[in-house]
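The exercises below are meant to be worked with the sequence and the structure side by side. Try each task before reading the solution that follows.

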Amino acid sequence: MVKYVLGFFLIFNLLHAEDLEIYDGEELSESPLTLKIKSFLDEETYNENSEFIDVIFDPEFAFFEKDRINSVKVVQTLKENGLLKLFFAKPSELKLNFTTSGAPLFFVKLMGDTLRNIGYYRYVTTASNLDASEFTWKIALTSEYATDPLVLEQELKKSGCKIIDIERNSAYEWTYVIDMGQGFLDIEVLDPREVRSLKRSLYAHWINVSKIKHLKISSSRRNSWYPYISYYDSSLHLLKVIRKDKIYHNINLNIPQNAKYMKIADLYTMKNIRDELTLEPNGAK
């Protein structure tokens, strides 16, 4: 009889232990949203505010976009509720990694314009890598704060791009996955019926020439302009380059049929262009 009782308790304990393991496993399994939230916070901050976090992220489906977590909305919610600090105690090195499946040259140009528009002028490329599925561009700069994902996303939208994921590698290093499938350069589109002027600049002028067939560029007599003009397709593949090693005050151009973008610069230095350049488009594509 004693053996039967001991055997019963042994079997009961084994079954109960198995149930506990299953229960503990259920407790340990966390939703993808919870894991994403935790990735942006240190353990102490999350544990101290876990109940508050449950409240501000309810309902969970509001933080999904189809079957994907809206990382920008998660970061913004944490920031607005004082849980995520983007400012540093002092100016520090900030590392930004950008990943995309688009054309590398086009992506670097697009991201460079975007970064300048949000105030990042001085940065250095630390690495770049292209494989069969994606392109990664890594930069570093000195900053007093980490990039606000909402500000970055709003600027990227101007170029038809969006952030599809964010990783916080550390307080000083962030990774952004960018969808640029519908991307375009956020620059002026020349209309064949309108004359435009380009103001003096230390940077080359980029314009969209997808709607015009011909273009006359007039340079002020105050300029010493040595034309250096490049044409690109929609992915920024170089199509044609015009270099003139003498000063021009007028030049007439036939736009290549598949050209979408044009870069207007000086063969030596943009400082040669002291005054405006006037653009007179002619003929619609």
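**Exercise 1: a helix and its buried face**

In helix α7 (residues 149–157), the buried residues are Pro 149, Leu 152, Glu 153, Glu 155 and Leu 156. Find how these residues are arranged around the axis of α7, and which elements are among those that cover them.

Solution. Begin with the source of the coordinates: this is a predicted model, in which local features need pLDDT of at least 70 and side-chain atom pairs count only at pLDDT 80 or more, while totals for chains, interfaces and linings use all residues. Residues are numbered from 1 along each chain as its sequence is written, and side-chain values use heavy atoms, with hydrogens and water left out.

Next, fix the terms. Helices (H or I, at least four residues) and strands (E, at least two) are DSSP runs, numbered from the N terminus. Buried means under 20% relative accessible area, exposed over 50%, and partly exposed in between, with a 1.4 Å probe and protein chains only.

Now look down the axis of α7: its buried residues fall within an arc of 165° (taken from the directions from the helix axis to the C-beta atoms), so they line one face of the helix. A general rule helps here: an α-helix has 3.6 residues a turn, so residues three or four places apart point the same way.

The cover over these buried residues includes α5 (71–80), β3 (87–100), α6 (104–117), β6 (162–170) and β7 (173–179). Finally, inspect the N-terminal end of α7, which Asp 148 caps with a side-chain oxygen 3.0 Å from the backbone nitrogen of Leu 150.

**Exercise 2: aromatic pairs**

Describe the pair formed by Phe 40 and Trp 174, and then the pair formed by Phe 98 and Tyr 176.

Solution. Start with the rule: rings of Phe, Tyr and Trp (its six-membered ring) pair if their centres lie within 6.5 Å, and planes under 30 degrees apart count as stacked, over 60 as edge-to-face and the rest as tilted. By this rule there are 12 aromatic pairs.

The pair of Phe 40 and Trp 174 is stacked, with 6.0 Å from centre to centre and 20° between the planes. It links distant parts of the chain, since Phe 40 belongs to helix α2 (residues 32–40) and Trp 174 to strand β7, 134 residues apart. Both Phe 40 and Trp 174 are buried.

Phe 98 and Tyr 176 are likewise a stacked pair, at 6.0 Å centre to centre and with 25° between the planes. Phe 98 lies in strand β3 and Tyr 176 in strand β7, so this pair ties together parts that are 78 residues apart in sequence. Phe 98 counts as buried because its relative accessibility is 0%, and Tyr 176 counts as buried at 0% as well. To complete the picture, place this pair in its cluster, which is formed by Phe 98, Tyr 123, Trp 137 and Tyr 176.

**Exercise 3: a threonine in a strand**

Is Thr 136 buried or exposed, and which residues does it contact?

Solution. First locate Thr 136, which is found in strand β5 (residues 135–145). With a relative accessible area of 13%, Thr 136 is buried. Then list its contacts, where contact means heavy atoms within 4.5 Å: apart from neighbours within four places in sequence, Thr 136 is in contact with Phe 98, Thr 99, Ala 127, Ser 128 and Asn 129. With Thr 99 there is also a side-chain polar contact of 3.5 Å; a polar contact is a pair of N or O atoms within 3.5 Å, where within protein one must be able to donate a hydrogen and the other to accept it, and residues adjacent in sequence count only if both atoms are side-chain atoms.

**Exercise 4: backbone angles**

Compare the surroundings of Lys 66 and Leu 236, and find the cis peptide bond before Pro 59.

Solution. Recall that most residues other than glycine have a negative phi, and most peptide bonds are trans. Lys 66, although not a glycine, has a positive phi of about 65°, and Leu 236 has a positive phi near 65°. Lys 66 sits in the loop between β1 and β2 (68–69) and is exposed, with a relative accessible area of 84%. Leu 236 is in the loop between β11 (227–232) and β12 (238–243) and is buried, with a relative accessible area of 3%. The cis bond joins Asp 58 and Pro 59, with omega about 0°, and Pro 59 is in the loop between α4 (50–56) and β1 (64–65).
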